Amino acid sequence: MSKIEDFIKERERLNEIVLDNSGKDIKRFFTLDGAVYKEGYFSEKVKESMGLVASLVLRCDDCINYHILQCKSKGLTDGELDEILSIGLIVGGSIVIPHLRRALGIWEELKGVNSELQV
């Protein structure tokens with residue numbers, strides 16, 4: 001099983017635990033989180049790109065992985081990813097570099113995956 005598949009499976013398992021054991025406030029937050037990435041004034045691809053920049057700056061590898069998967073599913077290109085990573089690096093500084101490395105590692109792995117993975 002690939003790192004991507006492991007990530008997706010573990011995320012699903014833990015989300016199920018969270019939602020089974022949470023009250024309405026946490027469930028509402030999860031619903032809101034999904035809703036803000038829906039098509040609006042900006043496309044879903046642009047919104048996921050924004051999420052990826054924020055995740056890089058905040059240095060959250062789980063969030064980076066999630067947004068990389070979403071960006072790929074929305075048709076993000078290598079060139080677009082390069083610009084997104086550049087923005088994350090300039091805003092976040094050199095401390096972002098290890099996360100940028102891992103993001104590109106996941107991206108490269110995704111490019112080798114034939115089937116569409118669902119997050």
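Student: Why is the contact of E80 with K45 called a salt bridge?

Tutor: In this predicted model, the closest N and O atoms of E80 and K45 are 3.0 Å apart. The cut-off is a Lys or Arg side-chain nitrogen within 4 Å of a carboxyl oxygen of Asp or Glu, so the pair counts.

Student: What makes E80 and K45 a tie between separate parts of the chain?

Tutor: E80 belongs to helix 5 and K45 to helix 3, so the bridge ties together parts 35 residues apart in sequence.

Student: How do you know whether E80 and K45 are buried or exposed?

Tutor: Neither word fits. Buried means under 20% relative accessible area and exposed means over 50%, with partly exposed in between. E80 has 30%, so it is partly exposed. K45 has 23%, so it is partly exposed as well.

Student: What makes K74 and E44 a salt bridge?

Tutor: Their closest N and O atoms are 2.9 Å apart. The limit is 4 Å, so the pair qualifies. This pair, too, links distant parts of the chain: K74 is in the loop between helix 4 and helix 5, E44 is in helix 3, and 30 residues separate them.

Student: Why is K74 called partly exposed?

Tutor: Its relative accessible area is 29%. That lies between the 20% and 50% limits, so the label follows. E44, at 23%, is partly exposed too.

Student: Which helix holds both K111 and E108?

Tutor: Helix 6, residues 97-111, holds both. They sit three residues apart, about one turn of the helix. Their closest N and O atoms are 3.3 Å apart, and they form a salt bridge. K111 is partly exposed at 37%, and E108 is partly exposed at 48%. Salt bridges with shared partners join D78, E108 and K111 into one network.

Student: How many salt bridges are there by this rule?

Tutor: The count comes to six.

Student: How do you know where K72 lies relative to W107?

Tutor: K72 is 5.0 Å from the ring centre of W107. The distance limit is 6 Å, and the charge must also be within 35 degrees of the ring normal. K72 is placed over the face of W107.

Student: How many aromatic pairs does a search of the whole structure find?

Tutor: Zero. Ring centres would have to lie within 6.5 Å to pair.

Student: What makes the phi of R59 stand out?

Tutor: Most residues other than glycine have a negative phi. R59 is not a glycine, yet its phi is positive, about 60 degrees. R59 sits in the loop between helix 3 and helix 4. At 39% relative accessible area, R59 is partly exposed.

Student: Which residues form the nonpolar patch on the surface?

Tutor: L19, I26, F29 and F30 form the patch, with about 360 Å² of accessible area together. Helix 2 gives the most, three residues. I26 is found in helix 2.

Student: What makes I26 accessible enough for a patch?

Tutor: Its relative accessible area is 39%. Patch residues need over 30%, so I26 passes that test.

Student: Why is the chain called as compact as a globular protein of that length?

Tutor: The chain has six helices and zero strands. Its radius of gyration is 15 Å, close to the 14 Å from the globule rule for 119 residues, so the description holds. Buried residues make up 28% of the chain. The C-alpha atoms fill a box of roughly 40 × 35 × 30 Å along the principal axes.

Conventions: Residues are numbered from 1 along each chain as its sequence is written. This is a predicted model: local features need pLDDT of at least 70, side-chain atom pairs count only at pLDDT 80 or more; totals for chains, interfaces and linings use all residues. Side-chain values use heavy atoms; hydrogens and water are left out. Patches are made of residues with over 30% relative accessible area and no salt bridge: like charges are joined within 9 Å, nonpolar side chains (Val, Leu, Ile, Met, Phe, Trp, Tyr) within 5 Å. Accessible areas come from the Shrake-Rupley method with a 1.4 Å probe; for residues, only the protein chains shown count as cover. Helices (H or I, at least four residues) and strands (E, at least two) are DSSP runs, numbered from the N terminus. Buried means under 20% relative accessible area, exposed over 50%, partly exposed in between (1.4 Å probe, protein chains only). Rings of Phe, Tyr and Trp (its six-membered ring) pair if their centres lie within 6.5 Å; planes under 30 degrees apart count as stacked, over 60 as edge-to-face and the rest as tilted. The radius of gyration is taken over C-alpha atoms; the globule rule is 2.2 Å times the number of residues to the power 0.38.
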